[in-house]
2 protein chains.
Amino acid sequence: MNVAVDAMGGDNAPEMVVQGAVKAASELGIDVTLVGDRDVVTKQLGSRFPGDHITVYHSEQVVRMDESPLKAVRKKKDCSIRVAFDLVKRGKVDAVVSAGNSGATLAAGILTLGRMEGVERPAIASIFPGEKGHVVLIDVGANVDCRPAHLFQFGVMAQAFASSCLGMENPKIGILSIGEEGSKGNEQVRLARELFDESRLNFVGNVEGRDIFTGGVEIIVCDGFVGNVALKLSEGMAQATTKLLKTELSGSVSGRAALLLGRRSFESYKRKLDYEEYGGAPLLGINGVGIICHGGSSDRAIKNAIRLAEQYARSQVLDRMAAQLNTFRDFLV
Amino acid sequence: MNVAVDAMGGDNAPEMVVQGAVKAASELGIDVTLVGDRDVVTKQLGSRFPGDHITVYHSEQVVRMDESPLKAVRKKKDCSIRVAFDLVKRGKVDAVVSAGNSGATLAAGILTLGRMEGVERPAIASIFPGEKGHVVLIDVGANVDCRPAHLFQFGVMAQAFASSCLGMENPKIGILSIGEEGSKGNEQVRLARELFDESRLNFVGNVEGRDIFTGGVEIIVCDGFVGNVALKLSEGMAQATTKLLKTELSGSVSGRAALLLGRRSFESYKRKLDYEEYGGAPLLGINGVGIICHGGSSDRAIKNAIRLAEQYARSQVLDRMAAQLNTFRDFLV
């Protein structure tokens, strides 16, 4: 297995990205191909070059964060994210990880590898920490307006991914709405619910915002607008409340003593709220493996995203997903 | 000032609601009219009847949580929530507080008091705790599908409410989207943004999910579907993470010592994450004052909602809101 990493993508690229790749190579033994300007990347690697596990693949261009994703990817044939997906297409690597312009990663993935049969809209699935374990929220930003059939396909893809790659057995699927009763929600949700009800999937019905963190479902489908708001809100809250707690405790002698005494508990608490555990969000519905990371990813997040990409590529999720999508081919006509 | 409270509405009604009303009357000296079955309510009041500040007003019917709100309110002319708004209309009380079926409260408010001039869709505004102070999110559930003009009106109403009633001076307004750039978001957001840009309101542009908790804006407008998901998610996370932290610390001797030593800091932390501080969400855009509480409200939440209702009624927000809406009358044509 070899994971191509877009070395030029991200707010802290290439430094953080290269550091993350080095960690994945040296700590996890994963083969990584850094795609980007050879001179820049090699300089970043410096003396830390760990040898066999890391290759540098040269590309001339970069898609900036403020560029229109589709236009940039179409125009810049030699941009790092497109070259990375080209390597997948040519069988040189098995997956792509990028912390660059997420719209460009989406566009390059679809343009280069194509959509899977039975998928109208590829989607981004985020793996959330939750009170009762992990929860997959799909879509978190690829599609701002979705039809009911798209939401249904998100559920099918996420189920295959979660069972093959996250070890969830027959994961429960819910649809994000604003009330538990079937009559509640907007038109899109009501119609998608009917599709799920008629399928043989393990569907539990409507779930609410609180269930993203505290609910008893493993997969939650929603459109990319709502999903992106939910993802950013929960990440922001997890960070801000942890910081707030630390500030409160640091303000007094007894508080500082509490911080010291409760150190292990606080660490365990932080681990359970860790949004970097998987480092990135899989892009589901393209003919290949792509992981989208935050622009501001730390080296640890990049390392974990590379691990997820390697697991995803190794676990044959794509075959399982294709088979599942095929089952529902006539269902959605 | 006299606040009518729907004594029959809520998961824990009438017990919790009556207890909250008693607290508002005895601790805050606010006159409260409990609307509901006289026998049931009087029995709940029991020996705690605090005398002059509490009145009971009889109504025969109740709207259940599982009923279709509009149908139920139309059919049940003598239901507690409708009778409560009737008391406002007849000038007997100044505001309504209800923890019952929120759709029914919305429907009864609009049906009985009517919409304000210049408001197409009344909306529910939730007052969130945030890292930098309170944030008003509007709409959190009244309207699942909104047109750009509706979002603009939400902003106008919330601005009048926040400046008159929450002491925010010229509060900044943002529109919830999935990227800070103006080109991002769905069609509805892009068009609403244009309206705000052209107005003389203190508008800062797009904000993201994380800004609900950590941002530098005081008012965030969004449609009721997204807003409801965000409200439920953040409430759920605040509760669940606080519980998780306590569980982690309680699991060891040193952790329990930390809990004890850091008691004051933990209390201060909890106060800053307190979603019950205002107890309920104002229903903006009707010709009167209505506060919608959670179905599962505690007596403390009910008490705080009664205080908010009294402040809202006393602060002449409605006049200010009407004047502001009038300013933009020709703007939206």
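**Close-up views of a predicted two-chain model**

**View 1. A loop of chain A holds a cis peptide bond.** Asp139(A) sits in the loop that runs between β6 (135-138) and α6 (148-165) of chain A. This is a predicted model, so please read each view in that light. The bond joining Ile138(A) to Asp139(A) is cis, and its omega is about 10°. Chain B has its own example: the peptide bond from Ile138(B) to Asp139(B) is cis, with omega near 15°. Asp139(B) lies in the loop between β6 (135-138) and α6 (148-165) of chain B. For background, most peptide bonds are trans.

**View 2. Two loop residues have a positive phi.** Most residues other than glycine have a negative phi, which makes this a handy view to pause on. Gln316(A) is not a glycine, yet its phi is positive, about 60°. You will find Gln316(A) in the loop between α12 (299-314) and α13 (317-327) of chain A. Because 11 C-beta neighbours lie inside 10 Å, Gln316(A) counts as exposed. Over in chain B, Asn170(B), also not a glycine, has a positive phi of about 45°. Asn170(B) belongs to the loop between α6 and β7 (173-176) of chain B, and with 11 other C-beta atoms within 10 Å this residue is exposed.

**View 3. Arg320(B) meets residues far from it in sequence.** Arg320(B) is placed in helix α13 (residues 317-327) of chain B. Is Arg320(B) partly exposed or buried? Its count of C-beta neighbours inside 10 Å is 16, so Arg320(B) counts as partly exposed. If neighbours within four places in sequence are set aside, Arg320(B) is in contact with Ala160(B) and Ser164(B). Gln159(B) is 161 residues from Arg320(B) in sequence, while their C-alpha atoms are 9.8 Å apart in space.

**View 4. Helices α9 and α10 of chain B cross at roughly 125°.** The axes of α9(B), residues 224-250, and α10(B), residues 253-261, come within 6 Å. At that crossing angle, the two helices are therefore oblique to each other. From α9(B), the contact draws on Glu248(B), Leu249(B) and Ser250(B); from α10(B), it draws on Gly255(B), Arg256(B), Ala258(B) and Leu259(B). By class, these contact residues are 3 nonpolar, 2 polar and 2 charged.

**View 5. Helix α11 of chain A has a buried side, covered in part by chain B.** Within α11(A), residues 263-272, Ser265(A), Phe266(A) and Tyr269(A) are buried. They span an arc of only 100° around the axis, so they are on the same side of α11(A). Exposed Glu267(A) and Arg271(A) are carried on the face turned away from that buried side. The cover over the buried residues includes α9 and α10 of chain B.

**View 6. Chains A and B meet around a two-fold axis.** A turn of 180°, with a shift of 0.0 Å along the axis, lays chain A on chain B with an RMSD of 0.0 Å; that is the relation of a two-fold axis. In chain A, the C-alpha nearest the axis belongs to Ala258(A), at 2.0 Å. The same surface serves both copies, as 100% of the contact residues of chain A recur in chain B. Across the interface, 46 residues of chain A are in contact with 46 residues of chain B. On the chain A side, α8 (209-214), α9 (224-250), α10 (253-261) and α11 each supply at least two residues, and α9(A) gives the largest share, 18 residues. That side has 21 nonpolar, 16 polar and 9 charged residues.

Technical notes
Residues are numbered from 1 along each chain as its sequence is written. Chains are lettered from A and ligands numbered from 1 in the order in which they are written. This is a predicted model: local features need pLDDT of at least 70, side-chain atom pairs count only at pLDDT 80 or more; totals for chains, interfaces and linings use all residues. Axes are lines fitted to C-alpha atoms, for helices over the stretch in contact, and angles run from 0 to 180 degrees between N-to-C directions. Helices (H or I, at least four residues) and strands (E, at least two) are DSSP runs, numbered from the N terminus. Angles under 35 degrees count as roughly parallel, over 145 as roughly antiparallel, 65 to 115 as roughly perpendicular and the rest as oblique. Two residues are in contact if their C-beta atoms, placed from the backbone, lie within 7 Å. Ala, Val, Leu, Ile, Met, Phe, Trp, Tyr, Cys and Pro count as nonpolar, Asp, Glu, Lys and Arg as charged, and the others, Gly among them, as polar. A residue is buried if 20 or more other C-beta atoms lie within 10 Å of its own, exposed if 12 or fewer, and partly exposed in between; C-beta atoms are placed from the backbone. The arc is that of the directions from the helix axis to the C-beta atoms. Copies are superposed by least squares on the C-alpha atoms of residues with pLDDT of at least 70 in both.
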